[in-house]
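Before reading on, take a moment to look over the sequence and the model together. The paragraphs below walk through the chain step by step, starting from the surface, moving to the core and then to the charged pairs.

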Amino acid sequence: MNDRKAELETLRADLKARLSRFEAHQHREGGALDKDFEEQATQTQNDEVVDSLETETRTELAQIERALERINNGVGDECETCGEAIDPRRLQVLPYTTLCVDCAED
Ligand SMILES: [Zn+2]
């Protein structure tokens, strides 16, 4: 249990570091698009990729915060939906999950 918490805290720190890199990219200095159209297109595409990665990272981070909160409340290994115990092997593979395998499939 404590290992899982430590693992989640490490993951959370990594994701936060990643997010600040995305933010630095999106708010880079001299953000005006290049004159050359092809470069412009590439840059826009790149921005879109970073945007979707950022959204993904935020979702993951929210999931980790939620799992950590449940661990702190002493219910970290219980399914959020049905209240059954989550298989420890599942928690090992997906330390941030808050659902048992049955509920996750729904
Ligand atoms: Zn369940």
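A residue is called buried when its relative accessible area is under 20%, exposed when that area is over 50%, and partly exposed in between. The model shown here is a predicted one, and every value that follows was computed from it.

With that scale in hand, a good place to begin is Asp-102, which sits in helix 4, the element that covers residues 101-105. The relative accessible area of Asp-102 is 53%, and because exposed means over 50%, Asp-102 counts as exposed. Asp-102 also belongs to a negative surface patch, whose members are Glu-84, Asp-102, Glu-105 and Asp-106.

From the surface we can turn inward. Which residues make up the largest nonpolar core? This core has ten residues in all, namely Leu-8, Leu-15, Leu-19, Phe-22, Val-50, Leu-61, Ile-64, Ala-67, Leu-68 and Ile-71. Two elements give two or more residues to this core, helix 1 (2-26) and helix 2 (37-72), and of the elements it is helix 2 that gives the most, with six residues.

The charged side chains offer another way of following how parts of the chain meet, and the count of salt bridges comes to five. One of them joins Arg-58 to Glu-23, with the closest N and O atoms 2.8 Å apart; this pair links distant parts of the chain, since Arg-58 lies in helix 2 and Glu-23 in helix 1, 35 residues apart. Are these two partners buried, partly exposed or exposed? Arg-58 has a relative accessibility of 39% and counts as partly exposed, while Glu-23, with a relative accessible area of 31%, is partly exposed as well. The pair does not stand alone, for Glu-23, Glu-54 and Arg-58 are linked in a network of salt bridges.

A further salt bridge brings together the side chains of Arg-66 and Glu-80, at 2.7 Å from N to O. Here, too, distant parts of the chain are linked, with Arg-66 in helix 2 and Glu-80 in the loop between helix 2 and helix 3 (88-93), 14 residues apart. Arg-66, at 44% relative accessibility, counts as partly exposed, and Glu-80 is likewise partly exposed, with a relative accessible area of 31%.

The side chains of Arg-89 and Asp-87 also meet in a salt bridge, at 2.8 Å from N to O. In this pair the two partners fall into separate classes of exposure: Arg-89 is exposed, because its relative accessible area is 60%, whereas Asp-87 is partly exposed, with a relative accessible area of 30%.

Finally, some separations between C-alpha atoms help to place the helices against other positions in the chain. Phe-37 lies in helix 2 and, at 64% relative accessibility, counts as exposed; the C-alpha atoms of Phe-37 and Leu-91 are separated by 48 Å, and the two residues are 54 residues apart along the chain. Lys-5 has its place in helix 1 and is partly exposed, with a relative accessible area of 24%. How many Å separate the C-alpha atoms of Lys-5 and Ala-85? The separation is 17 Å, for two residues that are 80 residues apart along the chain. Arg-18 is also placed in helix 1 and is partly exposed, with a relative accessible area of 33%; between the C-alpha atoms of Arg-18 and Ala-104, which are 86 residues apart along the chain, the separation is 27 Å.

How values were computed
Residues numbered from 1 in each chain as written. Predicted model: local features only at pLDDT ≥ 70, side-chain atom pairs only at ≥ 80, totals over all residues. Heavy atoms only, no water. Patch = residues over 30% accessible without salt bridge, like charges linked within 9 Å, V, L, I, M, F, W, Y side chains within 5 Å. Areas by Shrake-Rupley, 256 points an atom, 1.4 Å probe, with all protein chains shown as cover. Salt bridge = Lys/Arg side-chain N within 4 Å of Asp/Glu carboxyl O. Lys, Arg positive; Asp, Glu negative; His and termini not counted. Charge placed at Lys NZ, Arg CZ, Asp CG, Glu CD. Helix = DSSP H or I, 4+ residues; strand = E, 2+ residues; numbered from the N terminus. Buried < 20%, exposed > 50% of the residue type's maximum accessible area, 1.4 Å probe, protein only. Core = buried A, V, L, I, M, F, W, Y, C linked by side-chain atoms within 4.5 Å.
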